[in-house]
Amino acid sequence: MSTPLSPSAPLPSRARIVIIGGGIIGSSVAYHLAHMGEKDVVLLERDRLTSGTTWHAAGLMVTFGSTSETSTEMRKYTRDLYSRLEAETGQATGFKPVGFIEVAGDKDRLEEYRRVSVFNRHCGIDVQEISPSEIKELFPLAKVDDLLAGFYVKGDGRADPVDVTMALAKGARMQGAKLIENAPVVDVIVKNGAVKGVRTAHGDIECDIVVNCAGMWARQLGAKSGVNIPLQSAEHYYLITEKVPGISQAHPVLEDPGSYGYFREEGGGLMIGLFEPVCAPWMVGGVPEDFSFGTLAPDWDRMGPYLEKAMARIPISGEVGVRKFFCGPESFTPDLRPIVGESAEVKNYFVAAGLNSIGILTGGGMGRVMAHWILNGRPDVDVTAMNIDRLHPYQANPEYRRTRTVESLGMVYQCHYPNRSMQTARGARKSPFHERLAAQGAYFKDVSGWEGADWYAGAGQTPDPGPLTFGKPAFWNHWEAEHKATREGVILMDMSFMAKFSVQGKDAGRLLETLSGNHVDGQSGQITYTQWLNEDGKLEADLTVTKLADDKYWVVASDTAHRHAETRMRRHFEGAHAFVTDVTSGYAQLNVQGPKSRELMQKVTSADLSNEAFPFRAARTIDIGFAQVLCVRITYLGELGYELYIPAEQALHVYDRLVAAGEPLGVRHAGLKALASLRMEKGYRDYGHDIDNTDTVLEAGLGFAVDLKKPAFIGKDAVQAQKAKGPLKKRLIQLLCKEPDALLFHAEVVARNGKSHGYVRAASYGFTVGGATALAMIEADEPITQAWLDAGTWTIDVAGRKVAAVASLKPLYDAENKRIKM
């Protein structure tokens with residue numbers, strides 16, 4: 001439909017916050033901002049509310065299925081909100097708690113759903129494992145003879161997407177927000193790197209904050225302001241049958257990812273929704289601005305096999321007629337996670353888009369999270385997995401979007417194996433060592449777009465990862481050998497994907513000192529491990545700062561924190577004589593680790609690397625062959641070791657020297673699986689995995705990396721206040737399974753004396769300590785001390801089976817740090 005010439009209400013000349021887009025997300029953000037007391041809010045919708053993708057959403061309201069606490073809590077909040085909105089606004093939402101069943105047709109999905117259900121119960125979701133016969137009782141039309149089990153949530157169900165959006169919009173208006181239809185935003189006005197207003201087809205509105213909730217148009221709108229939002233629309237299908245005998249509105253929603261489908265009653269017939277494993281991107285060049293309430297011509301030939309498999313789950317669906325085979329676009333992101341938060345490129349430009357087909361079932365929670373973030377300056381939930389600044393500009397390239405989206409949609413219904421890596425849009429970023437590592441039999445995985453060597457099959461061998469599994473993978477022996485080589489000999493590990501920054505200027509040291517909890521502006525030639533905190537004393541980054549000279553520093557962060565750390569520096573340095581240069585691509589990083597690492601390094605350099613001349617934390621430029629290399633004595637693996645930062649053009653030269661010199665010492669290549677198991681034994685943290693923005697530095701067990709004696713730094717008052725309260729009742733602890741064959745991955749629930757106290761944030765296998773190891777955040781009603789840990793009996797719930805464990809505040813391996821300082 002064409003856009004009316006005039007907006008539905010006069011446009012104000014100014015508003016504090018302008019929301020762009022009137023779908024479920026934009027309406028929810030407006031509702032929650034208004035309810036939190038911010039009345040000066042204007043929502044602008046280019047056509048009519050819901051006209052993008054919201055209107056054709058299936059409306060599932062499901063809390064089951066995620067092992068993310070943030071996502072699970074957003075789902076719970078959303079379900080509760082939809083159940084009470086009508087009483088508040090008088091507008092029906094169509095929410096019907098008819099129940100939801102996820103079915104498992106093979107042993108791997110059964111394992112996955114059992115693991116998920118344990119975590120979901122911990123989060124307060126009443127999920128029950130039911131038998132095939134019980135599935136049949138609840139959904140009589142389903143074929144169940146090939147199913148192993150179902151997972152039933154009685155309080156889940158369905159809602160009407162349009163009605164929910166209208167209820168949110170009405171609730172926002174009742175609280176004072178303005179929602180204006182037929183008001184297309186053509187651009188965001190930016191001045192000096194910050195939002196100043198929006199330009200519409202009917203004039204400008206001055207504002208302080210913009211929230212881009214434009215759905216599948218979000219990328220195109222963001223690009224006009226240089227904001228990176230790499231989402232892509234794809235065809236999404238559902239079929240609605242003619243009336244089906246025996247179907248009832250009271251039937252639960254049934255989901256069978258193994259058959260690519262979900263099923264629910266619709267108008268006396270059956271809706272069959274599809275998430276096929278290989279999808280079709282739509283309009284890679286850009287979604288038409290006038291596409292409203294639009295549908296696409298369905299591709300019967302492509303979708304036929306998937307539809308046939310889905311319909312086999314409900315046999316009668318193939319016997320009645322087809323009322324409609326619907327195809328409409330929905331947007332998906334490179335990693336199937338939402339794109340949320342303040343952009344790295346423009347201050348006060350917020351984004352909430354790329355919901356990957358879960359916009360309805362998380363819409364209420366997403367609006368609440370965004371409103372809190374906007375009004376308080378920081379989120380109150382873990383956003384490390386969905387923060388917009390995790391993504392990189394090249395991911396918005398047309399070819400990347402076209403290639404990756406083919407896989408992204410299908411990932412919704414894939415079995416979520418712990419070792420799965422995205423397979424499309426690969427080879428985008430390679431370290432200078434890539435071909436050398438491939439010759440060593442490296443198996444590569446996607447690491448923030450980099451090709452990261454995960455493990456090695458050996459020189460001249462073709463790596464075969466074997467089938468994906470929740471058990472021991474086919475490469476287990478290779479992984480174990482690399483782990484042991486690090487503990488007993490010497491290894492080389494490519495870490496070139498790490499984010500590397502050169503920070504220079506006369507004010508650089510002073511400003512880095514203010515950002516950092518630790519004392520980083522000490523003597524030159526020294527590396528310091530530190531956290532960057534917010535005013536609440538909670539974590540914003542976990543990284544190292546190396547002082548090279550009084551006006552020159554070297555900052556290294558993880559790949560996932562790349563743009564977050566860079567943006568934090570740039571904004572903190574504004575107006576000062578301090579400059580950040582991203583040199584990640586200019587330097588390869590090769591780590592030489594293990595008890596024989598000094599012996600190897602000494603063979604290739606004239607520098608004195610003795611413990612006296614080159615102690616732990618030392619950082620100096622040394623010679624290796626023809627190259628000048630920044631050598632830092634530090635480790636993330638728990639052994640004597642060095643990190644080498646090598647100019648990219650000399651990387652292979654240095655690598656070849658090290659390999660040749662290391663051959664008599666039995667040097668081995670080690671990959672990222674070994675990194676995970678080695679660092680987990682040592683209890684080393686990884687921001688975005690086992691620690692996040694909801695943790696204080698003390699709760700994370702990183703108080704040793706905070707210098708409270710130094711002058712003010714961001715978060716110091718909060719850290720001092722928490723420390724003054726005495727022993728903590730929330731702490732990150734380390735766990736070791738007593739059963740050697742038990743495997744941990746993520747989100748396993750941890751109990752003391754039978755009572756749940758938290759869950760595993762990250763895990764691996766400790767080949768040295770003899771069992772699966774993990775870091776878990778736990779909470780208690782009393783101080784968490786080692787004595788309290790020792791006084792309890794600890795178990796970890798692994799897919800419904802209780803596994804005995806040892807709990808510790810200190811590292812399970814080399815707690816005194818003797819090996820790294822030898």
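In the hairpin of β13 and β14, D256 has G261 of β14 as its bridge partner. The model is a predicted one, and this corner of it is a handy place to start. Strand β13 (residues 253-256) runs antiparallel to β14, and the two are joined over 3 bridges. Between the strands sit 4 residues, and Y260 in this hairpin takes a positive phi near 70 degrees. On the β15 side, β14 is again paired in the antiparallel sense, this time over 6 bridges with strand β15 (residues 269-274). Here Y262 stands opposite G273 of β15. The hairpin of β14 and β15 has 2 residues between the strands, and G267 takes the positive phi, near 60 degrees. Of the 6 residues of β14 (261-266), 5 are buried, so the strand is largely enclosed by the rest of the structure.

Zooming out, these strands belong to an open sheet of 8 strands with mixed pairing, laid out in the order β5-β6-β4-β13-β14-β15-β12-β16. At the edges are β5 (127-130) and β16 (322-332), each with pairing on one side only. Direction aside, neighbouring strands of the sheet are turned against each other by 20 degrees on average. Towards the β5 end, β4 (residues 100-104) and β6 (residues 149-153) pair in the antiparallel sense over 5 bridges, with F100 matched to V153 in β6. Helix α3 (residues 107-122) packs on the sheet here and touches β4, β5 and β6. The direction of α3 makes about 150 degrees with that of β5.

Aromatic rings come next. The count of aromatic pairs comes to 31. One of them joins F433 and Y655 in a tilted arrangement, with 5.7 Å centre to centre and 35 degrees between the planes. F433 is in the loop between α9 (398-411) and α10 (434-439), while Y655 is in helix α15 (residues 651-662), so the pair ties together parts that lie 222 residues apart in sequence. Both partners fall below the 20% cut-off for burial: F433 is buried at 0% relative accessibility, and Y655 is buried at 3%.

Another tilted pair is made by Y529 and F704, whose centres are 6.2 Å apart and whose planes meet at 35 degrees. This pair also links distant parts of the chain, with Y529 in strand β23 (residues 526-533) and F704 in the loop between α16 (672-682) and α17 (716-724), 175 residues apart. As for accessibility, Y529 is partly exposed, with a relative accessible area of 26%, whereas F704 counts as exposed at 62%.

Ring pairs also link W55, Y238, F293 and F326 into a cluster. Some rings have a charged side chain over the face. R487 lies over the face of Y813, at 3.9 Å from the ring centre, and K673 is placed over the face of W479, at 4.7 Å from the ring centre.

On the cysteine side, the tally of disulfides is 0. C207 is in no disulfide, and the nearest cysteine sulfur, that of C213, is 13 Å away; a disulfide would call for sulfur atoms within 2.5 Å. C207 is nonetheless tucked in, being buried with a relative accessible area of 2%. Much the story holds for C327, which is in no disulfide and has its nearest cysteine sulfur, on C279, at 10 Å. C327 is buried as well, with a relative accessible area of 1%.

Finally, a histidine in a loop. H392 is found between α8 (359-376) and α9. Despite the loop setting, H392 is buried, with a relative accessible area of 7%. Leaving aside neighbours within four places in sequence, H392 is in contact with N228, R429, S448, D559, H562 and R563.

Note on methods:
Residues numbered from 1 in each chain as written. Predicted model: local features only at pLDDT ≥ 70, side-chain atom pairs only at ≥ 80, totals over all residues. Heavy atoms only, no water. Pairing = 2+ DSSP bridges. Axes fitted to C-alpha atoms, helices over the stretch in contact; angles between N-to-C directions. Contact = heavy atoms within 4.5 Å. Phe/Tyr/Trp six-rings, centres within 6.5 Å; stacked < 30°, edge-to-face > 60°. Buried < 20%, exposed > 50% of the residue type's maximum accessible area, 1.4 Å probe, protein only. Lys NZ or Arg CZ within 6 Å of the ring centre and 35° of its normal.
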